[in-house]
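Student: I've just opened this one up and I'm new to it. Could you walk me through what's there?
Tutor: Sure, let's take a look together.

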Amino acid sequence: MTALQGETERALADARERIASHLVGRERALELTLAAVAAGRDIVLEGPPGTSKTTILTAITAEWGVPLLFVEGNADLTPAKLVGHHNPARVLREDYSADNFVAGPLVEAMRVGGFLYIEEFNRAPDDTLNTLLTAMADRAITVPRVGRIEARPTFRVIASMNPYDNVGTTRLSTSVHDRLNRLAIGYQDADAEERIVALRSGERGPLGERMTADAVAVTRATRRHPDVRQGSSVRGAIDCVLVAAQLARLRGVAEPDDERYPGLMLDAMIVSLSGRIHVDEAAETTPEAVLREIWEDRFVLEPRAAAPG
Ligand SMILES: Nc1ncnc2c1ncn2[C@@H]1O[C@H](COP(=O)(O)OP(=O)(O)OP(=O)(O)O)[C@@H](O)[C@H]1O
Ligand SMILES: [Mg+2]
């Protein structure tokens with residue numbers, strides 16, 4: 001009996017509380033993901049970048065002490081890369097054997113009873129997806145010249161994908177969807193994003209709090225801008241505060257009401273956000289121009305709204 005499957009009701013609820021203490025918000029996403037994995041099931045987490053998918057999974061696997069193996073789904077993820085290969089030099093000397101097989105992440109996760117986390121799952125080629133689906137259905141895999149490998153009971157496949165991905169979530173066939181559970185995760189509200197940014201940047205005090213509120217507000221504005229296809233995740237807001245804090249040190253800005261503060265924030269926004277927003281090709285504008293517009297809205301047109309309280 002494993003920690004994952006032999007969980008009594010109380011133990012599962014306790015685990016949820018302990019995991020939740022490592023996360024800002026996300027109670028519901030955590031509970032639903034936990035329910036799926038405790039049920040012995042695999043799941044796809046669908047959400048834009050920076051929406052806590054990896055954070056939730058890392059917290060779950062750390063709580064249970066099960067390994068978490070990462071793989072990035074892309075056109076190069078062949079079945080052989082996922083499953084493993086025989087070491088060619090040793091094959092030449094010794095011929096094929098189970099001994100000179102180098103396990104890929106799928107076989108490794110099955111052997112150790114870990115969670116295999118496939119990011120951008122929808123980008124993997126069809127034959128790779130088929131291999132994965134077979135392993136998920138059978139909880140075992142047969143590797144030529146190695147034999148049958150049974151998964152330990154805690155083995156799970158967690159896939160993730162970005163709903164705005166160009167490669168499209170629609171490319172997956174209905175037979176793929178029919179074999180997976182799914183949870184859609186969106187952006188958190190401004191308050192939770194501020195708590196995440198404060199936690200990750202470590203910037204406190206009046207200046208730190210003001211930078212955090214401003215960085216979160218302008219980052220969220222990039223997601224609503226009509227010329228932006230995909231705005232920045234909370235990672236952009238975290239970096240915006242970190243960069244702004246260093247600029248403040250370099251320029252000797254110590255208070256949020258320093259007249260140089262707005263300009264400093266524009267500079268921090270350019271560095272932290274211009275590469276993270278994807279401007280619509282049809283719109284004749286640049287990330288810098290979009291950011292300046294967002295900055296003007298917050299710092300020039302409505303400076304009052306930007307004031308705390
Ligand atoms: N709920 C949360 N609590 C604490 N920190 C969080 C939370 N959500 C996100 N973060 C922080 O934000 C960053 C991005 O989160 P995370 O890596 O979980 O996103 P993701 O959904 O896996 O994104 P991607 O799809 O790009 O892989 C991390 O640095 C993490 O520390
Ligand atoms: Mg991630």
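Student: Let's begin with Ser274. Which two elements does its loop lie between?
Tutor: Keep in mind that this is a predicted model. Follow the chain to Ser274 and you'll find it in a loop. The elements on either side are α12 (261-273) and β11 (278-279).

Student: Does Ser274 count as buried or partly exposed?
Tutor: We count the C-beta neighbours inside 10 Å, and Ser274 has 18. Being buried takes 20 or more, while 12 or fewer would make a residue exposed. With its 18 neighbours, Ser274 therefore counts as partly exposed.

Student: Leaving aside neighbours within four places in sequence, which residues is Ser274 in contact with?
Tutor: Pro287 is a nice place to look, as it sits 13 residues from Ser274 in sequence but 5.2 Å away in space, C-alpha to C-alpha. Once the neighbours within four places are set aside, the contacts of Ser274 are Pro287, Glu288 and Leu291.

Student: Now the whole chain. How far apart are the centres of domain 1 and domain 2?
Tutor: The chain splits into domain 1 (9-184) and domain 2 (190-306). Six residues of domain 1 and eight residues of domain 2 make up the contact. On the side of domain 1 that touches domain 2, four are nonpolar, two polar and none charged. Taken over C-alpha atoms, the distance between the two centres is 35 Å.

Student: And where does ligand 1 lie relative to the domains?
Tutor: Its shell holds 19 residues, with Pro49, Ser52, Lys53, Thr54 and Thr55 the closest. Helices α3 (53-64), α9 (190-201) and α11 (234-251) each supply at least two residues of that shell. Because domain 1 (9-184) and domain 2 (190-306) both give residues to the shell, ligand 1 lies between them.

Student: How many residues of each class does the shell around ligand 1 have?
Tutor: Sort the shell residues into nonpolar, polar and charged. The result is six nonpolar, eight polar and five charged.

Student: There's a sheet too. Which strands stand at its edges?
Tutor: Five strands form an open sheet with parallel pairing, in the order β2-β5-β8-β1-β9. Two of them have a single partner strand each, so one side of each is left without a neighbour in the sheet. Those edge strands are β2 (68-72) and β9 (181-184).

Student: In β5, what is the bridge partner of Leu69?
Tutor: β2 and β5 (residues 115-119) pair in the parallel sense over five bridges. The partner of Leu69 in β5 is Leu116.

Definitions and conventions:
Residues numbered from 1 in each chain as written. Chains lettered and ligands numbered in written order. Predicted model: local features only at pLDDT ≥ 70, side-chain atom pairs only at ≥ 80, totals over all residues. Near = placed C-beta within 6 Å. Helix = DSSP H or I, 4+ residues; strand = E, 2+ residues; numbered from the N terminus. Nonpolar A, V, L, I, M, F, W, Y, C, P; charged D, E, K, R; others polar. Domains from an automatic or database assignment. Pairing = 2+ DSSP bridges. Contact = placed C-beta atoms within 7 Å.
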